[in-house]
Amino acid sequence: MNGHVGGEAHSRYLMELSFLPAGARVLDMGAGDGQTVRLLKTLDYEAEGIDLNPAQDVTGGDYLHAPYADESFDGIISECSFYASGDVPLALKEAARMLKKGGKLAFSDVCSDVVALLGDVRAAGFACRHIEDLSEKWKAYYLEALWKEDNVPTGKGLSYILMICERM
């Protein structure tokens with residue numbers, strides 16, 4: 001697999017939907033190779049990333065227990081990462097902790113239960129401002145990946161959901 005569903009165009013779409021102004025401080029949770037961090041910098045955001053396996057422009061660390069102060073970011077982006085953490089509710093709570101009040105969480109990920117995910121979003125202190133089901137894009141992307149890699153989520157009932165949430 002290369003990157004995430006939708007690539008750079010998807011990252012740009014998430015940021016457009018978040019309505020974060022240029023200069024906003026944005027964290028990429030699960031930044032991987034830093035591709036989105038570099039993109040955010042070209043879009044005039046003050047961007048950084050965190051990942052267990054850091055690369056260029058990415059801090060090494062577990063974003064479920066991130067080394068950032070409370071309310072230190074205006075926005076957080078996460079693509080194809082929360083589900084892989086094994087603890088989506090904790091990932092959402094950690095994002096809420098790091099976001100300023102009114103800050104935006106723009107994420108897209110695999111989901112087995114959209115209603116439960118919405119409950120987790122609310123329990124973490126967010127209001128969902130936008131939601132889309134991108135399962136058809138996800139299926140095409142991961143079907144190709146199944147031929148190339150072993151560690152890909154599979155199973156009936158999985159969706160690929162995009163959400164823009166606001167920290168209350």
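Just after helix α5 in this predicted model, Gly125 takes a positive phi of about 100°. The helix that comes before this glycine spans residues 114–123 and lies across three strands, β5, β6 and β7. Its direction is set at about 20° to β7. The start of α5 has a detail of its own: there, a side-chain oxygen of Asp113 comes to within 3.2 Å of the backbone nitrogen of Val115.

A second helix, α1, covers residues 7–18 and also lies on strands, namely β1, β4, β5, β6 and β7. Helix α1 runs at about 35° to β7, which is made up of residues 159–167.

What order do the strands take in the sheet? Going across, it reads β3-β2-β1-β4-β5-β7-β6, which makes an open sheet of seven strands with mixed pairing. At the edges stand β3 (58–60) and β6 (126–133); each has a single partner strand, so one side of each is left without a neighbour in the sheet. On average, and ignoring direction, neighbouring strands here are turned by 20° against each other.

Now for some of the pairings, starting from the β3 edge. Strand β2, residues 46–51, runs parallel to β3, and three bridges join the two. Here Ile50 sits opposite Thr59 of β3.

Further along comes β4, residues 73–79, a strand that is mostly covered, with six of its seven residues buried. Strand β4 pairs in the parallel sense with β1 (residues 25–29), over three bridges. One residue pair to look for in the structure is Leu27 with its bridge partner in β4, Ile76. Strand β4 also pairs with β5 (residues 99–111), again in the parallel sense, and this pairing counts six bridges. For Glu79, the bridge partner in β5 is Ser108.

Last comes a residue outside the strands just described: Tyr83, which lies in helix α3, a stretch covering residues 82–85. Is Tyr83 buried, exposed or partly exposed? Its relative accessibility is 34%, and because buried means under 20% and exposed means over 50%, Tyr83 counts as partly exposed. Tyr83 also shows how the fold brings together parts of the chain: Tyr83 and Cys111 are 28 residues apart along the chain, yet their C-alpha atoms are separated by 7.1 Å.

Methods
Residues numbered from 1 in each chain as written. Predicted model: local features only at pLDDT ≥ 70, side-chain atom pairs only at ≥ 80, totals over all residues. Heavy atoms only, no water. Buried < 20%, exposed > 50% of the residue type's maximum accessible area, 1.4 Å probe, protein only. Helix = DSSP H or I, 4+ residues; strand = E, 2+ residues; numbered from the N terminus. Pairing = 2+ DSSP bridges. Axes fitted to C-alpha atoms, helices over the stretch in contact; angles between N-to-C directions. Contact = heavy atoms within 4.5 Å. Polar contact = N/O pair within 3.5 Å; in protein donor to acceptor, adjacent residues only side chain to side chain.
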